[in-house]
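Could you walk me through this model in the viewer, one selection at a time? I would like to know what to pick next and what is there.

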Amino acid sequence: MKEGKKMRKGFSLIELMFVVAIIVILAAVIIPNFTDITDRSKTARVSEDFSSFATALELYRGDWGHFPQAPTKVAVNKEDEVFYKELTGTGTLNKKGSTTITGFPGGIQYVKPDTLDNLVSPYDPNDTYYYLSDSAGHAWILYVKDSRGQYVWRSDSTSALQTSEKEPSFSQQP
């Protein structure tokens with residue numbers, strides 16, 4: 001080794017700044033994509049949950065002639081609400097001792113109580129899904145508020161999820 005030249009140990013400031021810049025650029029690309037993927041997975045879960053409820057509601061209508069009647073919104077996971085009671089077989093119409101329009105005994109569990117008890121919104125763990133029917137029980141809407149403050153909903157007349165800024169009602173349906 002020649003005298004006058006020192007051995008360099010470590011990285012120069014320019015090299016460190018270059019590495020930090022690359023990390024910042026990668027983070028700027030990855031973080032929005034991760035957020036988008038998370039939102040899409042939550043929406044997919046809502047779609048699956050609503051699809052399961054739609055099936056249960058159609059089975060209920062086939063047995064009782066109409067959907068559970070809730071002209072004002074009800075939380076689907078509250079034991080004292082009509083949606084919970086009717087779909088778990090403890091309602092005023094669907095209960096032990098009653099008879100369906102096809103002659104089968106009541107008390108039918110279209111959805112297990114544990115499923116509803118543990119149900120929370122994927123967007124906000126302090127919130128849940130909501131159910132609304134027309135006064136005659138001929139139509140229904142299921143909905144939840146997403147992380148952007150919009151309502152994600154589905155009705156008996158649509159199989160695809162809809163979004164709106166206002167709380168869903170029957171006047172909004174296509």
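Start by selecting Leu 26, which sits in helix α1, residues 13-64. This is a predicted model, so take each stop as a feature of the prediction. Leu 26 has a relative accessibility of 49%, so the residue counts as partly exposed. Now add Phe 18, Val 19, Ile 22, Ile 23, Ile 25, Val 29 and Ile 30: together with Leu 26 they make a nonpolar surface patch of about 780 Å².

Stay on helix α1 and show the side chains of Arg 45 and Asp 49, which meet in a salt bridge with N to O at 3.4 Å. The two are four residues apart in the helix, so about one helical turn separates them. Is Asp 49 buried or exposed? Asp 49 is buried, at 19% relative accessible area, while Arg 45 is partly exposed at 33%.

Further along, pick Glu 58 and Arg 61. Their closest N and O atoms are 2.9 Å apart, in another salt bridge. Both residues belong to helix α1 and lie three residues apart, about one turn. Each is partly exposed, Arg 61 with a relative accessible area of 36% and Glu 58 with 34%.

Next, select Lys 73 and Glu 167. They form a salt bridge with 3.4 Å between the closest N and O atoms. This pair links distant parts of the chain, 94 residues apart: Lys 73 is in the loop between α1 and β1, and Glu 167 is in the segment after β5. Lys 73 is partly exposed at 43%, as is Glu 167 at 35%. The salt bridges come to four in total.

Now colour the strands. Five of them form an open sheet in the order β1-β2-β3-β4-β5, with antiparallel pairing. At the edges stand β1 (74-75) and β5 (162-164); each has a single partner strand, so one side of each has no neighbour in the sheet. Zoom in on β4, residues 151-155, which three bridges join to β5 in antiparallel fashion. Here Val 152 stands opposite Thr 163 of β5.

Finally, zoom out to the whole chain. Three helices and five strands follow one another as α-β-α-α-β-β-β-β. The C-alpha atoms fill a box of roughly 105 × 35 × 25 Å along the principal axes. The radius of gyration is 26 Å, where a compact globule of 174 residues would have one near 16 Å. Colour by accessibility to finish: buried residues make up 34% of the 174.

Technical notes
Residues numbered from 1 in each chain as written. Predicted model: local features only at pLDDT ≥ 70, side-chain atom pairs only at ≥ 80, totals over all residues. Heavy atoms only, no water. Patch = residues over 30% accessible without salt bridge, like charges linked within 9 Å, V, L, I, M, F, W, Y side chains within 5 Å. Areas by Shrake-Rupley, 256 points an atom, 1.4 Å probe, with all protein chains shown as cover. Buried < 20%, exposed > 50% of the residue type's maximum accessible area, 1.4 Å probe, protein only. Rg over C-alpha atoms; globule rule 2.2 N^0.38 Å. Pairing = 2+ DSSP bridges.
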